[in-house]
Amino acid sequence: MASEARSILQTLSPQELKALAKDVGADVSGCRSKADLVKRLSGFEAVEGALAAPAYRVRPVLASRSPTELRRLAADHGVDVAGCKTKSDLGGRIAASPAAAKILPAAPEAPKPSPPPDLRHEVADKLILQGRN
């Protein structure tokens with residue numbers, strides 16, 4: 001989760017990072033740049049818990065899209081983006097909306113367990129068939 005947390009944190013503005021730090025009680029005094037804030041926050045368990053929310057998890061997905069795509073996405077999901085002037089504004093407004101959970105890619109399915117071997121098959125070990133190992 002640390003690398004995922006770092007990728008999410010990198011999509012936030014310094015002001016958003018400071019607000020997150022304040023919310024989780026992380027001390028970011030002495031951090032002079034966004035990179036310092038990301039480095040400091042990426043090690044906190046409380047931050048990782050907060051970043052599990054769809055509003056944060058959707059940020060990397062939105063960051064990879066153009067402003068035109070973000071406007072279309074907002075329109076498709078009924079998100080009001082009036083007054084948004086920058087890509088960051090658009091992404092923040094969409095992420096803060098209930099649509100954020102719908103935009104997230106579906107979690108990959110867990111692999112299905114393989115079926116137990118067919119011990120009645122003629123190739124099966126005869127000792128296993130007899131119950132002796």
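Helix 2 and helix 3 are roughly parallel to each other. In this predicted model, the two helices pack at an angle of about 30°, with their axes 10 Å apart. That angle counts as roughly parallel because the cut-off is under 35 degrees. The crossing of helix 2 past helix 3 is left-handed.

**Two helix pairs**

Which residues of helix 2 meet helix 3? Pro-14, Leu-17, Lys-18 and Ala-21 do so on the helix 2 side. Their partners in helix 3 are Lys-34, Leu-37, Val-38 and Leu-41.

A second pair sits further along the chain. Helix 7 covers residues 67-76, and helix 8 covers residues 87-95. Their axes come within 10 Å and cross at roughly 25°. Helix 7 and helix 8 are therefore roughly parallel to each other. Helix 7 passes helix 8 in a left-handed crossing. Pro-67, Leu-70, Arg-71 and Ala-74 of helix 7 make the contact with Lys-87, Leu-90, Gly-91 and Ile-94 of helix 8.

| Pair | Crossing angle | Axis separation |
|---|---|---|
| Helix 2 and helix 3 | about 30° | 10 Å apart |
| Helix 7 and helix 8 | roughly 25° | within 10 Å |

**The chain as a whole**

How many helices and strands does the protein chain have? There are ten helices and zero strands. Read along the sequence, the pattern is α-α-α-α-α-α-α-α-α-α. The protein chain has 133 residues, and buried ones make up 27% of them. Take the contacts with a separation of 6 or more: residues 24 or more positions apart account for 49% of these.

**Buried faces of helix 3 and helix 1**

Helix 3 spans residues 34-41, and its buried residues are Leu-37, Val-38 and Leu-41. Why do these residues sit on the same side of helix 3? They cover an arc of only 95° around the axis, which puts them there. An α-helix has 3.6 residues a turn, so residues three or four places apart point the same way. On the other side of helix 3, Ala-35 and Lys-39 are exposed. The cover over the buried residues of helix 3 includes helix 1 (2-9), helix 2 (14-24) and helix 4 (45-50). Leu-37, Val-38 and Leu-41 are also among the helix 3 residues that meet helix 2.

Helix 1 has Ala-5, Ile-8 and Leu-9 as its buried residues. Seen down the axis of helix 1, they fall within an arc of 95°, so they line one face of the helix. What covers them includes helix 2, helix 3, helix 4, helix 5 (54-57) and helix 6 (59-63). Helix 3 is thus part of the cover of helix 1, and helix 1 is part of the cover of helix 3.

**Cysteines**

Is Cys-84 buried or exposed? Cys-84 has a relative accessible area of 8%, so it is buried. Cys-31 is buried too, with a relative accessible area of 16%. Both values meet the cut-off of under 20%. The count of disulfides is zero.

Where is Cys-84 placed? It lies in the loop between helix 7 and helix 8. Neighbours within four places in sequence aside, Cys-84 is in contact with Arg-71, Asp-89, Leu-90 and Arg-93. Cys-84 and Arg-71 are 13 residues apart in sequence, and their C-alpha atoms are 9.6 Å apart in space. Arg-71 and Leu-90 also take part in the contact of helix 7 and helix 8.

Technical notes. Residues numbered from 1 in each chain as written. Predicted model: local features only at pLDDT ≥ 70, side-chain atom pairs only at ≥ 80, totals over all residues. Heavy atoms only, no water. Disulfide = S-S within 2.5 Å. Buried < 20%, exposed > 50% of the residue type's maximum accessible area, 1.4 Å probe, protein only. Helix = DSSP H or I, 4+ residues; strand = E, 2+ residues; numbered from the N terminus. Arc of directions from axis to C-beta. Contact = heavy atoms within 4.5 Å. Axes fitted to C-alpha atoms, helices over the stretch in contact; angles between N-to-C directions. Parallel < 35°, antiparallel > 145°, perpendicular 65-115°, else oblique. Left-handed = near helix turned anticlockwise from the far one by under 90°.
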